[in-house]
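Me: I'd like to go through some of the labels people put on a model like this one. Can you tell me what stands behind each?

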Amino acid sequence: MLSQPFDIPPPQTLLRSPRGLATATSVLLGLVAAADLFALYAGMRMHSVSGDLLNRSADDIAGADDLYKLAGNLQLIGILATAVVFVVWFYRVRCNADMFAQDVCTRSRGWAIGGWFIPIGNLWIPFTIAREIWTASAQNAPDRSWREVSQRPVGLWWAAWTAALVMARIGSTMQSQAGSPETLERAADVTMIADALNLTAALLAIAFVRKLTAMQQHTEATPGPVAAA
């Protein structure tokens, strides 16, 4: 069966609060957004220099290049740090989802971690898991009937995230193959689009994390004891 390689026994018997992890994830995502803003500024500097190389001094060109590299390094560090905490939070809310509705999640809990590391598959597997967690965690109505909660925050976040990945790959390829000021300038433009999308994805991810955490913390939606974070 497909889910077996990432199955992590035994199942938990208590709901564990995701609030602390959600707070840490949101803070880190905010730092990623700040790094993206800085990258956009660095991209505009690179765009300006690339379009006027003949009239720029060596110091101007070197300064723009150093700023561009610094922005990229800050983004990488921020994304790596955030990814670790986000995946831990994601795994916790996936485990909690079984306590809300055991027949909603179609993949075992281990896929909340393993799904991110499958080439190509990581473009949709975590998204399907996120949607199922969202559905399972939907608040119960006062009469205990099932309440549908719009999945728009999930879809918007994932759309921005995947678009940022695609544009970043295109921009990186264009930059490595740039052979003239014009092509370097276009590569900087595409990379700025990727940075803007990544910024948008980070902000949408914060909304997704906070909303899903709030649904799992909702007392009406909690069928059993909740362990401390």
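Reply: Sure. Buried means under 20% relative accessible area, exposed over 50%, and partly exposed in between, with a 1.4 Å probe and protein chains only. This is a predicted model, where local features need pLDDT of at least 70, side-chain atom pairs count only at pLDDT 80 or more, and totals for chains, interfaces and linings use all residues. Residues are numbered from 1 along each chain as its sequence is written, and side-chain values use heavy atoms, with hydrogens and water left out.

Me: So why is Cys95 called buried?

Reply: Its relative accessibility is 3%, and the cut-off is under 20%, so Cys95 counts as buried. Cys105 gets that label too, because its relative accessible area is 13%.

Me: How do you know that Cys95 has no bond to Cys105?

Reply: A disulfide is a covalent bond between the sulfur atoms of two cysteines. The test used here is a pair of cysteine sulfur atoms within 2.5 Å. The closest cysteine sulfur to that of Cys95 is in Cys105, 9.8 Å away, so that is too far for a bond. Searching the whole structure turns up zero disulfides.

Me: What makes H2 oblique to H4?

Reply: Helices are DSSP runs (H or I, at least four residues; strands are E, at least two), numbered from the N terminus. Axes are lines fitted to C-alpha atoms, for helices over the stretch in contact, and angles run from 0 to 180 degrees between N-to-C directions. Helix H2 (residues 58–100) and helix H4 (residues 125–136) have axes that come within 9 Å and cross at roughly 45°. Under 35 degrees is roughly parallel, over 145 roughly antiparallel, 65 to 115 roughly perpendicular, and the rest oblique. That makes H2 oblique to H4.

Me: And why are H2 and H6 called roughly parallel?

Reply: Their axes cross at roughly 25° and come within 11 Å. Set against the limit of under 35 degrees, H2 and H6 are therefore roughly parallel to each other. Contact means heavy atoms within 4.5 Å, and the residues making it include Tyr68 of H2 and Thr191 of H6.

Me: What makes Thr191 buried?

Reply: Thr191, in helix H6 (residues 181–217), has 17% relative accessibility, so Thr191 counts as buried. Leaving out residues up to four places away in sequence, Thr191 touches Tyr68 and Gly171.
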